[in-house]
Amino acid sequence: MSTPHPMPLGCVLFDLDGTLLDTAPDLGAAVNHVLISEGFAPLSDDIIRQTTSHGALGLLRAGLGDELLEELGATRLRTALLDYYAANLCVGTRPYEGMVDLIEWLDEKKLPWGIVTNKPGFLTEPLLAALPELASCGVTVSADTLPVRKPDPAPMFFACERLGIAASQCLYVGDHVRDIEAGRNAGMRTAVAGWGYLNDDEDPALWGADLHFDTVQALHHWLRYELS
C-alpha cells in the first residue's frame, strides 16, 4: 500500500537499467566478450540479469571472483567491457513490455517524466538517442551529471528542479535498494520495479518502498487510478 501523501502526483522518474530498459542482453554480451577473450566461460543469462545492477565490475566479479579479477587487472577488464559495450550499446536493449504504452499515456496526460540513473553520461546519452520512443523524456540525470549519485538525493532534487515539480509530488520507480533509498531521502513516493534485475536473495519488501509492482502494466494501472 502507498504511504498517505498530501500532494498530487506531478511527475514520474525512472531508473534506467532494469526499470525503463532491459539492457541485460547488451551488457551481458559485453562481459561475455571479455570473459571469452580472457579464456573463461561466459556467464549465463540468469547470472547476468541478477548482476547487471552492480555495474561493469559486478558483472566481471560474477565471472571471475574478487581475487582473479584483481590479479588480471580490474581496471583493464572494466575498460575493455565498457569499450565493447559502448560500441554495441543498443543491439538487444529494448524498453520493457508495456513501457512504451505507459510513456505515451504519460505524454497524453501531460505528466512530465524523466530518468535518474547511475549509468555514466557517455553511455546514457547515445543509448537514449538510439530509442526515439523515449524522446519525450523531460530530464536525464546520469552518474556524472552531479558530483554525487544515488542513493544521495541530490540527483533526485536536480531532476525535479529541471521539471519544475516539487520532490514531494514525484514518484520514483527503480529496481535496486539504492533507488528506493534515493527517492525516500528526497521525500518522494517510491515504487519497486519488480520486473527488473532483482537478486534471488533480495527481499524488496525490506527496502521501505511505498509501492511494489510486478509488471509495467500494474504500474500503469495504478497511475491511471491515481490520476482519475
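Here is a short conversation about a predicted model.

Reader: Let's start with the overall layout: which domains does the chain have, and how far apart do their C-alpha centres lie?

Author: Happy to begin there. The domain assignment gives domain 1 (9-20 + 92-225) and domain 2 (22-86). Contacts between them involve 17 residues of domain 1 and 15 residues of domain 2. Their C-alpha centres are separated by 25 Å.

Reader: Where does the largest pocket lie with respect to the domains, and why?

Author: The largest pocket has a volume of about 570 Å³. Its lining takes residues from domain 1 (9-20 + 92-225) as well as domain 2 (22-86), so the largest pocket lies between domain 1 and domain 2.

Reader: Which helix supplies the largest share of the lining of that pocket?

Author: The lining of the largest pocket holds 27 residues, and nearest the pocket's centre are His-54, Gly-55, Ala-56, Asn-118 and Arg-149. Helices α3 (55-72), α4 (74-87), α6 (121-129) and α8 (177-185) each give at least two residues to the lining. The largest share, six residues, comes from α3.

Reader: How many residues of each class are in the lining of the largest pocket?

Author: Good one to ask with the side chains on screen. Among the 27 lining residues, the count by class is 10 nonpolar, seven polar and 10 charged.

Reader: Turning to the interior, which helix gives the most to the largest nonpolar core?

Author: The largest nonpolar core has 52 residues, and Phe-14, Leu-20, Leu-106 and Leu-223 touch the most other members. At least three residues of this core come from each of domain 1 (9-20 + 92-225) and domain 2 (22-86). The helix that gives the most, with six residues, is α1 (residues 24-37).

Reader: Which residues does Leu-223 contact, leaving aside its neighbours within four places in sequence?

Author: Leu-223 is one of the members of the largest nonpolar core that touch the most other members. Leaving aside neighbours within four places in sequence, Leu-223 contacts Leu-9, Val-12, Leu-102, Trp-105, Leu-106 and Leu-171.

Reader: There is also a second, separate core; is its member Val-141 buried or exposed?

Author: The second core has 18 residues, including Cys-11, Val-141, Met-156 and Ala-186. Val-141 is in strand β5, and leaving aside neighbours within four places in sequence, Val-141 contacts Ile-115, Val-116, Thr-117, Pro-155, Phe-158 and Ala-159. With a relative accessible area of 1%, Val-141 is buried.

Reader: What covers the buried residues of helix α7?

Author: The buried residues of α7 (residues 154-163) are Pro-155, Met-156, Phe-158, Ala-159, Cys-160 and Leu-163. Just after this helix comes Gly-164, with a positive phi near 75 degrees. The cover over the buried residues of α7 includes β1 (11-14), β4 (113-116), β5 (140-141), β6 (170-174) and α8.

Reader: Helix α6 holds Thr-124; is this residue buried or exposed?

Author: Thr-124 sits in α6. Not counting residues up to four places away in sequence, Thr-124 touches Leu-16, Thr-117, Lys-119, Thr-140 and Ser-142. Its relative accessible area is 0%, so Thr-124 is buried.

Reader: What is the relative accessible area of Leu-128?

Author: Leu-128 is also in α6. Leaving aside neighbours within four places in sequence, Leu-128 contacts Leu-16, Ile-115, Leu-134 and Thr-140. Leu-128 is buried because its relative accessible area falls under the 20% cut-off. The value is 16%.

Reader: What is the relative accessible area of Thr-190?

Author: Thr-190 lies in strand β7 (residues 189-193). Not counting residues up to four places away in sequence, Thr-190 touches several residues, including Leu-171, Tyr-172, Ile-180, Gly-208 and Leu-211. Thr-190 is buried, with a relative accessible area of 0%.

Reader: Now some backbone geometry: what is omega near for the cis peptide bond from Lys-150 to Pro-151?

Author: Pro-151 is in the loop between β5 and α7. The peptide bond from Lys-150 to Pro-151 is cis, and its omega is near 15 degrees.

Reader: And Lys-110, is it buried or exposed?

Author: Lys-110 is in the loop between α5 (99-108) and β4. Although Lys-110 is not a glycine, its phi is positive, about 55 degrees. With a relative accessible area of 72%, Lys-110 is exposed.

Terms used. Residues numbered from 1 in each chain as written. Predicted model: local features only at pLDDT ≥ 70, side-chain atom pairs only at ≥ 80, totals over all residues. Heavy atoms only, no water. 1 Å grid on protein atoms, 1.4 Å probe; cavity = no way out; pocket = protein on both sides within 12 Å on 5 of 7 lines; lining within 4 Å. Points joined across faces, edges and corners; volume = space filled by probe spheres on them. Helix = DSSP H or I, 4+ residues; strand = E, 2+ residues; numbered from the N terminus. Nonpolar A, V, L, I, M, F, W, Y, C, P; charged D, E, K, R; others polar. Domains from an automatic or database assignment. Core = buried A, V, L, I, M, F, W, Y, C linked by side-chain atoms within 4.5 Å. Buried < 20%, exposed > 50% of the residue type's maximum accessible area, 1.4 Å probe, protein only. Contact = heavy atoms within 4.5 Å.
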